[in-house]
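Here is a friendly walk through one protein chain, with its side-chain contacts, strand pairings and core taken in turn. Please keep the viewer open as you read.

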Amino acid sequence: QVELVESGGGLVQPGGSLRLSCTAFGSIFSVNAMNWYRQAPGKERELVAAISNGGTNYADSVKDRFTISRDNAKNAVYLQMNSLRPEDTAVYYCKVNVRVAVRSSEYPYWGQGTQVTVSS
């Protein structure tokens, strides 16, 4: 069983910063791609940032403001969010692709979501 635990959301003024964390716990052999998604009220969930052995990718709306990073020793992924805007308000979810054993397939696991609200 694998569980993802997120933290770091909250209320911040426009122009402020937040750092989200997501750590995978449980029976883990390896972790591959790690992603951050967000879902605003009335909108579809969208990919914000992704990190894998191939590098990083960002949605155009967050490029040069958000930075995704990972700590493989801790099975953790982070999202540093700077210059936050009201339109960044959403529930943020991490998704991590996990292999639980050497011969197992890779499966995606989701965090519980953390609310980010950008408002004055």
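## Charged pairs

Arg99 has a relative accessible area of 25%, so this arginine is partly exposed. A word of care before going further: the model is a predicted one. The partner of Arg99 is Glu106, and their side chains form a salt bridge with 3.7 Å from N to O. Glu106, with a relative accessible area of 31%, is partly exposed as well.

How many salt bridges are there in total? The count comes to five. Three of them are listed here, each with its N to O distance.

| Salt bridge | N to O distance |
|---|---|
| Arg38 and Glu46 | 2.7 Å |
| Asp88 and Arg38 | 3.0 Å |
| Arg99 and Glu106 | 3.7 Å |

Arg38 deserves a closer look, as its side chain meets Glu46 in one salt bridge and Asp88 in another. Is Arg38 buried or exposed? Its relative accessible area is 6%, and a residue under 20% counts as buried, so Arg38 is buried. Asp88 is buried too, just like Arg38. Glu46, on the other hand, has a relative accessible area of 34%, which makes this glutamate partly exposed.

Why does the pair of Asp88 and Arg38 tie together separate parts of the chain? Asp88 sits in the loop between β8 (76-81) and β9, whereas Arg38 belongs to strand β4; the pair therefore connects parts that are 50 residues apart in sequence. Taken together, Arg38, Glu46, Asp88 and also Arg65 are linked in a network of salt bridges.

## An aromatic cluster with an arginine over it

Now to the rings. The structure holds two aromatic pairs. In one of them, the ring centres of Tyr37 and Trp110 are 5.0 Å apart and the planes meet at 55°, so this pair is tilted. Tyr37 is part of strand β4 (residues 30-39) and Trp110 is part of strand β10 (residues 106-110), so the contact ties together parts of the chain that are 73 residues apart in sequence.

The other pair brings in Tyr93. With Trp110, Tyr93 makes an edge-to-face pair, at 6.5 Å centre to centre and 80° between the planes. This pair also links distant parts of the chain, as Tyr93 lies in strand β9 (residues 90-99) and Trp110 in strand β10, 17 residues apart. Tyr37, Tyr93 and Trp110 thus make up one aromatic cluster.

Which members of the cluster are buried? Tyr37 counts as buried because its relative accessibility is 16%. Tyr93 is buried as well, at 15% relative accessibility. Trp110, at 36% relative accessibility, counts as partly exposed.

Have a look at Arg45 too. This arginine lies over the face of Tyr93, 3.8 Å from the ring centre. Arg45 also lies over the face of Trp110, where the distance to the ring centre is 4.8 Å.

## Strands and hairpins

Strand β4 takes part in sheet pairing as well as in the side-chain contacts above. β4 and strand β5 (residues 46-52) are antiparallel partners, with five bridges between them. Here Tyr37, a member of the aromatic cluster, stands opposite Leu47 in β5. The hairpin of β4 and β5 has six residues between the strands, and within this hairpin Gly42 adopts a positive phi near 75°.

What does β5 pair with next along the chain? Strand β6 (residues 55-58) pairs with β5 in the antiparallel sense, over four bridges. In this pairing, Ala49 has Tyr58 of β6 as its bridge partner. The hairpin joining β5 to β6 runs through two residues.

As a reminder for reading these strands, side chains in a regular strand alternate between the two faces of the sheet.

## The nonpolar core

Finally, the inside. The largest nonpolar core has 29 residues, and the ones with the most contacts inside it are Trp36, Phe66, Val77, Leu79, Met81 and Tyr92. Which elements give two or more residues to this core? They are β1 (2-7), β3 (18-26), β4, β5, β7 (66-71), β8, β9 and β11 (114-118). The largest share comes from β9, with five residues.

Two strands are worth following back through the report. β4 holds Tyr37 and Arg38, while β9 holds Tyr93.

Notes. Residues numbered from 1 in each chain as written. Predicted model: local features only at pLDDT ≥ 70, side-chain atom pairs only at ≥ 80, totals over all residues. Heavy atoms only, no water. Phe/Tyr/Trp six-rings, centres within 6.5 Å; stacked < 30°, edge-to-face > 60°. Buried < 20%, exposed > 50% of the residue type's maximum accessible area, 1.4 Å probe, protein only. Lys NZ or Arg CZ within 6 Å of the ring centre and 35° of its normal. Salt bridge = Lys/Arg side-chain N within 4 Å of Asp/Glu carboxyl O. Pairing = 2+ DSSP bridges. Core = buried A, V, L, I, M, F, W, Y, C linked by side-chain atoms within 4.5 Å.
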